[in-house]
Every structure is written in C-alpha cells, then in structure tokens.
Amino acid sequence: MGTNGNEEVTSLYSLSCRDRRFSKHIHDNVHGNIYLDPVPLMIKVFLEMTFCLLLMQFFLQFVDTEQFQRLRELKQLGLTHMVYPGAVHSRFEHSLGVYWLAGEAVHTVQGHQGSEINIERNDIRTVKLAGLLHDVGHGPFSHLFEREFLPRVLNGSEWSHEDMSVKMIDYIVDAHHIEIDSAILNNVKEMVLASSANGSQNTVNEKRFLYDIVANGQNGIDVDKFDYIVRDSRACGLGCNFQFQRLLETMRVMGDEICYRAKDYLTVHKLFATRADLHRTVYTHAKVKAIELMVVDALTLAHGELSISASIQEPAKFWKLDDSILRQIETSDKQELKKARDLVLRIRRRDLYQFCNEFAVPKDKQEHFKDITPQDIVCSQKNGDTPLNEEDISVSIVKIDLTRGRSNPLESIKFFQDYESDYKFPMRDERISHLLPAFCQDMIVRVYSKKPELVGAVSKAFENYQLKTYGMKAQVHDTPEKKKCRV
C-alpha cells in the first residue's frame, strides 16, 4: 500500500510539473511565460488508509508577501532611468527571471545527466527558490545604497544586500508561517550568499555545482547575470548579442563543477565583455553618476532627520524602505530636510553636478592606487586660481572589470571538448584569439563641480593634479570651453 502510494505521488508530481494547468503563470517580456510550479503535499486519510495529493503553490507563498512585492518599488538600475528613460524595470521581474532561469539550468543538467549526478526534486526546488529570493534584501537605488550611502553615514560599513536577503528570507518564513524543510531553507540561504564575501560554498561537500547556478562565487557565470544582461540591454534600448541560451543548453557537470564546451569559449567571453560594456555605457554613464552623487548627498543630509540606516539590521523595518524615500524627501515640508529637498529639486530641474573631466588610471598604477579626494584637487590649485572648497567638488572612482578585478575570470572556468570526453581543462585567451583584451580592469577617475560657475576652476585644478601625479595630462581631451563659461 505504502509503495503504491508513493509511486502515485511521484506520478502525480511529474504530471503537475509537465501540465501547466497546475501552475501559476506570469508573462515576462524577456522569457515569455514564467510558471510558478506547485509542490505536492502527501497526506494520509487514516479512515480509508489511502494517500491523497494536494498541490501547494509553494513559490507563490513567497511571491504573495509584502516583503517580496516590495521589489516592485526598487528599480533594477536605480537612477539610470533618468538618463535611459526605458530603464524603469524593477527587481521584481528580475527575481522572477532568475527563478525561471535557475529552474531551466537545473532541469537541463538533470535531463542530460540525471542518473549520473543524482539531482532530486528538493534540489530543483532549492535552486529555484534561491533564484526567486536572491535579491529580496536589496536596498534602494541599486547598489548605491550599500556602496556609497552606508559607508558615508556608517564609517566602515560592510553591510551587504546578500546578508539582508538571508535575514529577510527567515523573516518571511516566520512572519507568514510558511512550511519549509529546514535543510532546504539553509541551502537556499547558502546559495544566496555563494558569491558574497560571507559565502560558505567552500564547506559544501556534495552537489557543490548547485551553488554556482544562481550566484557563482567561483567564476562569475550564473543565471543572475544571464537575466540582467539581457533585461537591462532591452530596457535601455541597446542591442545584446550575448546569447545565454547557448550556455544554458550545453552546460555539463564534471567533477562537481559546471563546465562548458570548448567551442563556446567566445560566448563565455562575450558574457563578461557585454557586462563590462553595460557598466561603461549605462551603469556608470557620466550623467548617471552625477545624479547618483547628488542622491547620496541628499540622503546624507536627510539621514539625521529620517534615520535611513536605522533599519538595516532589522528585516521587519527594512522591507518598508524603498526608492520612494526620495519622494518622501522631496514632498516634505520639514525645515530639517530643506537642504536635502533642494538637492532633489535640482535633480528634477536637471540642474546637475557638472562633469568636468576624467582619466583612466594607468595599468601600472592600479595595484597601489589611492583614492583621490576633493581635498587632493583643492590642494592642486596654484596661486591666482579661483579659490575652491572641498564642498565644491565631487570625485567618482569607477571600476569596471570582468567580475574578478584585474584577474581574468575565464582562467577559473573549465571546458570540455565534446560530450564523449570526460576530460575538463582550462583555456587561455592567447590560444583562442590575439584580439581578446590582455588586461581585465579599467579604473576611471571623474571629477564633478557642484556649481556650474566653478567648472573652469575645478577642471584646471584637476589638470594640475594629473601633472603633479603622473607628469602629464592623463585625460583624453580638455574640458570644453562652453562648459567652463557656463554661469
């Protein structure tokens, strides 16, 4: 009786996964229909000694919470929409996309190697849930909140959205009384942390490859990037010739790590190159950075009154913080918020901090590069120059790499020749093409004037700094005269 009952449950579960009538579907503009698959619950009816199957909308229990729905109020690209108007997509649809691709990835390797690597139903459920919840603890304005704002108001802050996501997952489970196996829950949290500084994937003893699907701390190839590269490119109206499907369909687990066909080497390289290109042309666009600098200043000015950072360790309060904090500042009548409000109004009226100039830090200077401060620029002025104060200047240090700083992430990736081969091996760029870049990181120093009438003075001081530091002007061209003359 028990065996037949289990077989029936397995059969019905397989049917429910294949038959989309049992699933909740959401139409996504990148992946088409995304299905939130049900999970079976087997219960015994004691009077009849039979087994019944209930289909529980497991993933929907998390989606239909105020904590997950909050992701609708977090723009995926933060303030980028003020330069690229189409970039208004949110972390809500991105999280659904990562959920879907995580499922596609684990189903692919299961379909090709199911008996070999022993992927179970709980493994699939765990990976998909990690994809769904990987950003549930994200702060407002993309990464600006944790990388720019918090370090300024909390000196030395090491807060990360990955750590908060783990806390938020526990909070959601407790607050909404979600029934979930403790082992699945722990594995989900480890997968969310896998690419962060606090990741513990090195302690995983079996099926370690599962921890590299959502957030890959080993070599940077993961479905999180697959989704946001395509989604961000489309939202910004840019072309994207990276095809994640090629990697998704041909990945193979060898020696407990995900490997790729040698013939797909250039596709893998294109993943990192496309990501770097998005950073240069979209995420760190000079005007996007100008707006971000202004928002950080506004949040810092408002922090004393609004205590914005007070909730960063408390999920019960943190989920109430989203991008609307800027609107709260803008519409407040409080005198204490006047300076912050004036900055927000400057953004609305397009009275932005003025980009003066930039230079790329020479390759041989990057390893020991020391951040440049407004004080460094002020101290580079000469006698007779228009006097400047540190408060007149903003400096932005932009780092663009292939996910591994100055190291090449492709050196950490293993390839295989074909599906008949059991040998995996690394590949080096010079064995593929001499056109591939020999250096993997750019470091760009940008200087902004907070007042348009000081652009000329700030630009001149910035040039003096370059001459003093490098013995030459490292910038490509001089600041345009029309910008210097603006009043």
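The following legends describe close-up views of a predicted model.

**View 1. Surroundings of H161 in helix α7.**
H161 belongs to helix α7, which covers residues 161-175. Its relative accessible area is 7%, and because buried means under 20%, H161 counts as buried. Setting aside neighbours within four places in sequence, the residues in contact with H161 are H134, D135, G137, H138, G139, H143 and E146. With E146, the side chain of H161 also makes a polar contact of 2.8 Å. H134, another of the contacting residues, lies 27 residues away from H161 along the chain, and the C-alpha atoms of the two are 9.0 Å apart.

**View 2. The hairpin of strands β1 and β2.**
Strand β1 (residues 24-28) runs antiparallel to strand β2 (residues 32-36), and five bridges join the two. Three residues make up the hairpin connection that leads from β1 to β2. Within this pairing, K24 is placed opposite L36 of β2. In a regular strand, side chains alternate between the two faces of the sheet.

**View 3. The largest nonpolar core and L132.**
The largest nonpolar core contains 119 residues, of which F62, L132 and F226 touch the most other members. Helix α4 (residues 91-117) makes the greatest contribution to this core, supplying 11 residues. At least three residues of this core come from each of domain 1 (57-285) and domain 2 (353-402 + 437-486). In soluble globular proteins, nonpolar side chains tend to be buried together. When residues up to four places away in sequence are not counted, L132 touches F59, F62, V63, F68, S95, L96 and Y99. One of these residues, F62, is itself named with L132 and F226 as touching the most other members of the core.

**View 4. A separate nonpolar core.**
Apart from the largest nonpolar core lies another core, made up of 22 residues. Its members include F369, I377, V395 and A457.

**View 5. The four-stranded open sheet.**
Strands β5, β6, β9 and β10 form an open sheet in the order β5-β6-β9-β10, with mixed pairing. β5 (252-254) and β10 (424-425) stand at the edges; each has a single partner strand, so one side of each has no neighbour in the sheet. At the β10 edge, strand β9 (residues 415-416) pairs with β10 in the antiparallel sense over two bridges. F416 is positioned opposite K424 of β10.

Notes:
Residues are numbered from 1 along each chain as its sequence is written. This is a predicted model: local features need pLDDT of at least 70, side-chain atom pairs count only at pLDDT 80 or more; totals for chains, interfaces and linings use all residues. Side-chain values use heavy atoms; hydrogens and water are left out. Buried means under 20% relative accessible area, exposed over 50%, partly exposed in between (1.4 Å probe, protein chains only). Contact means heavy atoms within 4.5 Å. A polar contact is a pair of N or O atoms within 3.5 Å; within protein, one must be able to donate a hydrogen and the other to accept it, and residues adjacent in sequence count only if both atoms are side-chain atoms. Two strands pair if DSSP finds at least two bridges between them. A nonpolar core is a set of buried Ala, Val, Leu, Ile, Met, Phe, Trp, Tyr and Cys residues joined through side-chain atoms within 4.5 Å. Domain bounds come from an automatic or database domain assignment.
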